[in-house]
Amino acid sequence: MAGIVEWAVRTQPNGPVVDRCEMQLRPLRVPAPLTCAIVLAALIGLLPRPGHRVLPAGTQADDRIADRVIGTVGGPVVRTSRGFAGPLYNDGSTIWLWSEAPLQSGDRIAATGKLRTPRGLLDPGVPDRSAMIAGRGAVWEMSATSIEHLGEDLDVSARMWRWAFATQTSWVAAIDAANDDDVIGRAALRGIVTGERGEVPPELDQRWRTVGIYHVLSVSGLHLAVVAGLAFALLRRLIAGSPFGGRIRPARWAAPPALLIAIAYTMITGAQLATLRSLVVVAIVLVGQMLDRPLRLVDALGVAAILVLLWRPDDLYDPSFQLSFVAALTLALRPAAPRAEGLGARAWQWVCRGFVTSAWVAITTAPITAYQFHQVAAGGVVGNLVLTPVVELVALPLGLAGLALGYASPAIGQVLLHAAAWIVARIDDLAALLAHRVPVGSISVASTAAAVALVVVSVWLASRPRRTRAELAGWLALCMTWTLARSPAPPGMLRVTYLDVGQGDAAVIELPDGAVWLVDAGGIANARDLAAASAPGRAIAGVLGNYDHTSIDLAILSHPHPDHYLGFAALAESTPIRELWTVDERMLDAPPDPRSTVPGFSAIAAALASHGTAIRHPPLGIVREQAGAVLEVWAPRYESGTGPPFEAADPVRTVNDNSLVITLRYAGRVLLFAGDIEVEGEQAVVAAGLSHADVVKVPHHGSPTSSGAALVTATHPMLAVISCGAGNSFGFPSIAVVERWRAAGAQVERTDLSGAITVTVDLGGVLRVDRFAADSP
């Protein structure tokens, strides 16, 4: 074919009129192999280097040992609330490095800190935080206590990442300079435009989560699609209006620079995984434009999904991949409606279609949020219809225009950035208003198969053009699957789950009548702030959601040490607790450690009381009988010498030896919760009559100061559960303690190895033990 002729014709009353006739006698073509090679090279340069399970020489992945690792900082380097973070490459191993000191790609450094295997909490319904580290291509992580700069190794990749980081830094400074007096607008705009979320307040974060627009607070895949789409549309118009517009196809020549802009923006904003996945889709669509092979969105999504999963198969289990893919697939498969006539009718059609589409996206992604996060935000329908378009189509372009024009005219740039921040602040006002009026349902899907079935049926229903009998059957199947997707305790059974909360204790007890009891709530004593210290409480809430519970009837605190009580701080905000048992008031009023960054239990107790929790101190003996379960208190015991012993802290004993020790009896089985008592406390409860127990929660995480001969011999259990953190700095559990319990005939299970340990007892007294990590040693 010698050329391409394009005609633009419109109809008039007196006949058709030709508006434009363009003939390309010598069409200019971009060589397809060269284009594809450039695109692939650019994308490969962004991908994290694959990590290998090779420990750097002379190191151990253990919290107890400080290691020194020499390597080169890769990219991207990102800012966090803890300072800086980035990949450190060391002779075949990739370490995700956290540092308070600044990092730059290409730096040759020696990092000193504790090298560890990234591991989340292995509990039902709790996402594994190691997925984030793996998403960066790393298999180890280190929190550096010191950084020694040894030089630089500046290859092309390092120079590109340095340019990207410097550009992000300058953009952040420009946003801050234009919005000194607007903390909320400035912090949110930094996240929206540059991907830097270090100043986003937790309250703002929670408001936007509640109304379902949290994804726009960082540079998401939708952001990149907007930026690439705007760049492509603008470049196409500029090329079409140029002197060459009649000789070339504008879309073909607008696509390469638009793709380069998308790649540069991805790098500047930190190359988050969601953005990288969106970049694959954008690249496929733009390469199709270069090659005159436009793709349907659903086809581009399919190709992108295949490429992403070939690159990183584990992304199939990543919640962000699941959510973004299902949401985009819903948009792609929604049937098109006939175009309305008239501006007003088209505007109304756009609003209605936007609302319906937003509702369908909420329906199709709800099974994923229920499975991964155990909640569904109904406000997302309204939030994504009203608020997200303003952020994506107004605030984001204004912010980018302000940054771009700021290079030529700083005054104009500041005006646009200030306007963008003002719009974002008003969005936050609306989000706060909406957050108080929409529910966030605590809904859980326990089964992977159920979650997949719900997504498949929901997407199929979303793609249906009209109501049919098949659609009615689909809705019935959807409702039935939601009903059966929970994971409650089997009828007539007692279920006890000894949770993995790191170096701490927590156990969920489910009674046959549906009541929920909790023994301890874990906590991270050396955390940098209360939000991090109370993370086990959020894990407990996730487990409860997975088990189809929304409240706790009775919580028991064995003793006021941080690794047992800090989790209650998170539960106070998310899960109603009707009643809390503790030891006596003298221990509650103990002053917190002045060196600690987290509050003492008296402050946590006050927060619980303000939410309606009744705080009580139970007496010794049988205290509660419910649904066939009998709860008995054995300690702490105080003997005044003038009467019978009573439940109170003995001032002569340690806090550990004054732990609240209880037994739970059901169907002839006995389960002992021993807190952190040590040998002296153990001897006291044995002297008081404590005898055989079928299951023992081993006291004090397997410390050598506990599990003395008296307790082990008296209880001689069939199962001993040790709750401790993986590679903890205390070296728990003691090898001698483990062997002592085994010698008494006990099967020893550890949460640091097996994750959550679940014990069920049926009406006939049959006891079953399950490990969350079934393939653990």
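Alanine 667 sits in the loop between strand 21 (661–666) and strand 22 (669–673). In this predicted model, its phi is near 50 degrees, a positive value in a residue other than glycine. Alanine 667 is partly exposed, with a relative accessible area of 32%.

Aspartate 520 also has a positive phi without being glycine, near 65 degrees. Aspartate 520 belongs to strand 13 (residues 516–521). Its relative accessible area is 2%, so it counts as buried, the cut-off being under 20%. A positive phi appears at a glycine too: glycine 195, just after helix 4, has a phi of about 80 degrees.

**Backbone angles**

The table sets out these phi values with the omega values of two cis peptide bonds.

| Residue or bond | Angle | Place |
|---|---|---|
| Alanine 667 | phi near 50 degrees | loop between strand 21 (661–666) and strand 22 (669–673) |
| Aspartate 520 | phi near 65 degrees | strand 13 (residues 516–521) |
| Glycine 195 | phi about 80 degrees | just after helix 4 |
| Glycine 75 to proline 76 | omega about 0 degrees | proline 76 in the loop between strand 3 (67–73) and strand 4 (78–80) |
| Alanine 635 to proline 636 | omega near 10 degrees | proline 636 in the loop between strand 18 (629–635) and strand 19 (637–638) |

Both cis bonds lead into a proline. One joins glycine 75 and proline 76. The other runs from alanine 635 to proline 636. Proline 76 is in a loop between two strands, and so is proline 636.

**Overall picture and confidence**

The protein has 777 residues, and 50% of them count as buried. Its secondary structure comprises 25 helices and 27 strands. Take the contacts between residues at least 6 apart in sequence: 68% of them join residues at least 24 apart.

The average pLDDT is 80, and 79% of the residues score at least 70. Two stretches fall lower. Over residues 1–55, pLDDT stays under 50, and the model has 96 contacts beyond four places in sequence for them. Residues 587–591 also stay under 50, with nine such contacts. Where pLDDT is low, the predicted coordinates should not be read in detail.

**Helix 4 and valine 424**

Helix 4 covers residues 183–194. At 1.5 Å a residue, its twelve residues should span 16 Å; the end C-alpha atoms are 16 Å apart, which agrees. Ten of the twelve residues are buried, so helix 4 is largely enclosed by the rest of the structure. Among them are Gly185, Ala188, Leu189 and Ile192, as well as the arginines Arg186 and Arg190.

Which residues does valine 424 touch, beyond four places away in sequence? They are Gly185, Ala188, Leu189, Ile192, Trp208 and Ala395. Valine 424 itself lies in helix 13 (residues 410–435). Its relative accessibility is 0%, and it counts as buried. The C-alpha atoms of valine 424 and glycine 185 are separated by 5.5 Å, although their positions lie 239 residues apart along the chain.

**Helix 14**

Helix 14 runs through residues 448–463. Its 16 residues should span 22 Å at 1.5 Å a residue; the end C-alpha atoms are 23 Å apart, which agrees. Its buried residues are Ala450, Ala451, Leu454, Val455, Ser458, Val459, Leu461 and Ala462. Seen down the helix axis, these buried residues fall within an arc of 160 degrees, so they line one face of helix 14. On the other side, Ala449 and Val456 are exposed.

**Strands**

Strand 8 (residues 140–152) pairs with two strands described here. With strand 6 (residues 93–99) the pairing is parallel, over four bridges. Leucine 97 has methionine 142 of strand 8 as its bridge partner. With strand 7 (residues 107–116) strand 8 runs antiparallel, joined by ten bridges. There, isoleucine 109 is bridged to histidine 149.

Is arginine 495 buried or exposed? Arginine 495 is buried, with a relative accessible area of 8%. This arginine is in strand 11 (residues 494–498). Its side chain makes a polar contact with the side chain of glutamate 510, at 2.6 Å.

How values were computed
Residues numbered from 1 in each chain as written. Heavy atoms only, no water. Expected span 1.5 Å × (residues − 1). Buried < 20%, exposed > 50% of the residue type's maximum accessible area, 1.4 Å probe, protein only. Arc of directions from axis to C-beta. Pairing = 2+ DSSP bridges. Polar contact = N/O pair within 3.5 Å; in protein donor to acceptor, adjacent residues only side chain to side chain. pLDDT = per-residue confidence, 0-100. Contact = heavy atoms within 4.5 Å.
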